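Work through the exercises below with the model open beside you. Try each task before reading its solution.

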Amino acid sequence: MAYSISTQNFVALSDLHPNLAHPSIIGVVIGKTDVKGFPDRKNIGSERYTFSFTIRDSPAYFINVNSWGREEYVRSLSESFRVGDCVTIENPLVQTKELEKEEKFNPTTPSCYKLLLSETHSVVKICCHYEVDTKLLSLLHLPVKDPQDYYSLGDIVANGQNLDGRIINVLAAVKSVGEPKYFTTSDKRKGQRCEVKLYDETELSFAMICWDNESIQLAQSWMPRETVIFASELRINFDKFRNCMTATVISKTIFTTNPDTPEANILFNFIKESAAMGALDDITEDQLKESINLQSIVDIYTVEQLKVKALQNEGKPEPVYGIIYAYISTLNIDTDTSKIIRNRCSGCHYVVNEMSNTCTFCNDNSSDAKSVFTSFDLLVDLTDHTGTLRSCNLSDVVAEETLSCTVHEFLTLTEEQKTALKWQLLLERSKIYFKLVLSPSLRTGLRVNLLSCKLVDPVEASQSLSGKGRK
C-alpha cells in the first residue's frame, strides 16, 4: 500500500527494508518522548541529544523513529510536531532492531525495523490535515493493542500488589487532569509531574502519573468526564504513601484518545449516564473509605494554620493531608438516627436511594444488583485554642473506630447510653488525621474528612501545642 500527497509516492511501513534507496514515508505520530542529553563518548565533555517517536500508516503497522545529533537540531525537530500530527520522513536510515534492547524502553512494534534520522540526510515535514487521507487520521482512534486486551481499573485494584511493576494495557475514562508541577532535583535536573485521575464502571477514581512533558502536554488536551483513553504499556505500581495501586506513564506508553472500539463505546455510554445522574459529583470520592497510609502524614496544623493553608491552596485541586490536635466540640449522635446513619452501596459506597434502597449508579451500569450496608455519616466540629473547623466529615469505618462501636451495636443503645458515649468524646483532646479539599459548593468552602480520630496522650498534646511536634 502506498499513499500519494502532492504527487509524491510514499513507501508503506510494511514494505520497508534496509536495502531501500532514499525511501519516503508518511504516517501519523502516535507516541513521542522528551528530548534527552547523553555524554558523547567520541567528544569528551560534550553531549549528544536524542528523542524518539512512533508513526503509523495502517491498522497493522507502526514503527519507532530515533533522532540523534546536536542539541539545536534535535530540539528544533522535536518542537516541530506533536502526537496526533501527520508527518512525512524523507531518506531515513532503515535498521534491523535489536529486539530486547529496542523494546526495553520503546513501544513494542510489529515491525522488525527501526528508523534513524540524520541531520544531514533526513527531512521531516508536517502535513496539513486537509492534505491527509482520512484513513490515516482515523488511525489515531485505533488502539495499537488488541482492543479487548486490557485491565479494568477494578481488576487492577483487585489484583493489588500482584501487579506491582507489571506493564499492562488500560481502558478508562478521564475524571480530572491536574496542573503540571515543576521541580529541580538534587543534581540540578529539572523535572515535572502531572496526576490524571481515571475512572470506569468498576472504580470511581484511580491515579495515573505523567513524568514527561510530552504525555503531560497530551493529557492537558483531554476533557474530564468526556474523554476515554486506551493506554498501551502502562506501568502499574503500589504506592506506599497512598497505600494503593497507581499507574505510571513510561517511554513505552502509547495513548489512543477516544478509541473507536465497541469496548470504548460502552465506556462512553457509562460516562454520559453517570454524568446525567450526577453520580460522580465531588462528594462521591470523599465518601469512599480513605486508603492513605497514616504513618506518611507528618505535618501538624492548628485550626488557624489550616484555614490559612486552605486560602493559599485556592484554585488548586490537590488535597491537604495533616494532623490536628483538637477536641470534638459538636457531636450529635443522640439525635434522630436517620440523620446520622445512611445506607450505602457495597460496590461504590455511594449513598443509595432511600425509597428503593438500591444504588441507581451501579445497578444501571451492571447486570449484578449490589447489596447495601449501613454506615455512620456524621458532621462534627473540631476546636482548638485558635478556632473551630465546622461540619467535618466523620463516616464509615473511621466513625466506628472513633465511637468504639459498630452501626449495629450503636442501634441497640438507649438514648441515655448514646448521650454517655457522646460525653466520653466531647471536649476531650484527640489526635486527628485529616484530608482537606476546597469545595466551593459547601457553606464553609472546605471539605474536611477525618481519616483517624483517637484520644491523645496529654504529654503528646502538650508538645504539639508548644510547637515541638511541628514539622
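**Exercise 1. Place Thr 383 and trace its surroundings.**

Task: Find the strand that holds Thr 383, decide whether the residue is buried or exposed, and list its contacts beyond four places in sequence.

Solution.
- Step 1. Keep in mind that this is a predicted model. Thr 383 sits in strand β21, which spans residues 372-384.
- Step 2. Its relative accessibility is 10%. Buried means under 20%, so Thr 383 counts as buried.
- Step 3. Set aside the neighbours within four places in sequence. Thr 383 is then in contact with Ala 326, Tyr 327, Ser 329 and Thr 388.
- Step 4. Now look at the side chains. Thr 383 makes a side-chain to side-chain polar contact with Ser 329, at 2.7 Å. The side chain of Thr 388 also makes a polar contact with the side chain of Thr 383, at 2.9 Å.

**Exercise 2. Move on to Thr 388.**

Task: Locate Thr 388 and say which residues it touches, not counting those up to four places away in sequence.

Solution.
- Step 1. Thr 388 belongs to strand β22, residues 387-395.
- Step 2. With residues up to four places away left out, Thr 388 touches Val 303, Lys 307, Ser 329, Asp 381, Leu 382 and Thr 383.
- Step 3. Compare with the first exercise. Ser 329 is among the contacts of Thr 383, and Ser 329 is also among those of Thr 388.
- Step 4. Check a pair that is distant in sequence. Thr 388 and Glu 304 are 84 residues apart along the chain. Their C-alpha atoms are 8.2 Å apart in space.
- Step 5. Set this beside the whole chain. Among contacts with a separation of 6 or more, 67% join residues 24 or more positions apart.

**Exercise 3. Map the pairing of β15.**

Task: Which strands pair with β15, and in what sense? Why is β15 described as largely enclosed?

Solution.
- Step 1. Start with burial. Strand β15 covers residues 228-239, and nine of its twelve residues are buried, so the strand is largely enclosed by the rest of the structure.
- Step 2. Take β11, residues 167-177. It pairs with β15 in the antiparallel sense over six bridges. Ile 167 has Arg 235 in β15 as its bridge partner.
- Step 3. Take β16, residues 244-248. Five bridges join it to β15, again antiparallel. Here Asn 237 is bridged to Thr 246 in β16.
- Step 4. Take β17, residues 254-257. It is antiparallel to β15, with four bridges. Phe 230 stands opposite Thr 256 in β17.
- Step 5. Inspect the hairpin of β15 and β16. Four residues lie between the strands, and Asn 243 takes a positive phi near 60°.
- Step 6. For scale, the chain has 13 helices and 24 strands. Of its 471 residues, 47% count as buried.

**Exercise 4. Examine two loop residues with positive phi.**

Task: Where do His 22 and Ser 404 lie, and are they buried or exposed?

Solution.
- Step 1. His 22 is in the loop between β2 (8-9) and β3 (24-32). Its phi is positive, near 50°, and the residue is not glycine.
- Step 2. The relative accessibility of His 22 is 64%, so it counts as exposed. The cut-off for exposed is over 50%.
- Step 3. Ser 404 is in the loop between α10 (396-403) and α11 (407-411). Its phi is near 60°, also a positive value in a residue other than glycine.
- Step 4. Ser 404 has a relative accessibility of 65% and therefore counts as exposed.
- Step 5. Measure one distance from the loop. Ser 404 and Leu 421 are 17 residues apart in sequence and 9.3 Å apart from C-alpha to C-alpha.

**Exercise 5. Characterise the second largest cavity.**

Task: How many cavities of 30 Å³ or more are counted, and which residues line the second largest cavity?

Solution.
- Step 1. The count is two cavities of 30 Å³ or more.
- Step 2. The second largest cavity holds about 30 Å³ of space.
- Step 3. Its lining consists of Arg 82, Val 83, Glu 214, Gln 217 and Leu 218.
- Step 4. Sort that lining by class. Two residues are nonpolar, one is polar and two are charged.

Technical notes:
Residues numbered from 1 in each chain as written. Predicted model: local features only at pLDDT ≥ 70, side-chain atom pairs only at ≥ 80, totals over all residues. Heavy atoms only, no water. Buried < 20%, exposed > 50% of the residue type's maximum accessible area, 1.4 Å probe, protein only. Polar contact = N/O pair within 3.5 Å; in protein donor to acceptor, adjacent residues only side chain to side chain. Contact = heavy atoms within 4.5 Å. 1 Å grid on protein atoms, 1.4 Å probe; cavity = no way out; pocket = protein on both sides within 12 Å on 5 of 7 lines; lining within 4 Å. Points joined across faces, edges and corners; volume = space filled by probe spheres on them. Nonpolar A, V, L, I, M, F, W, Y, C, P; charged D, E, K, R; others polar. Pairing = 2+ DSSP bridges.
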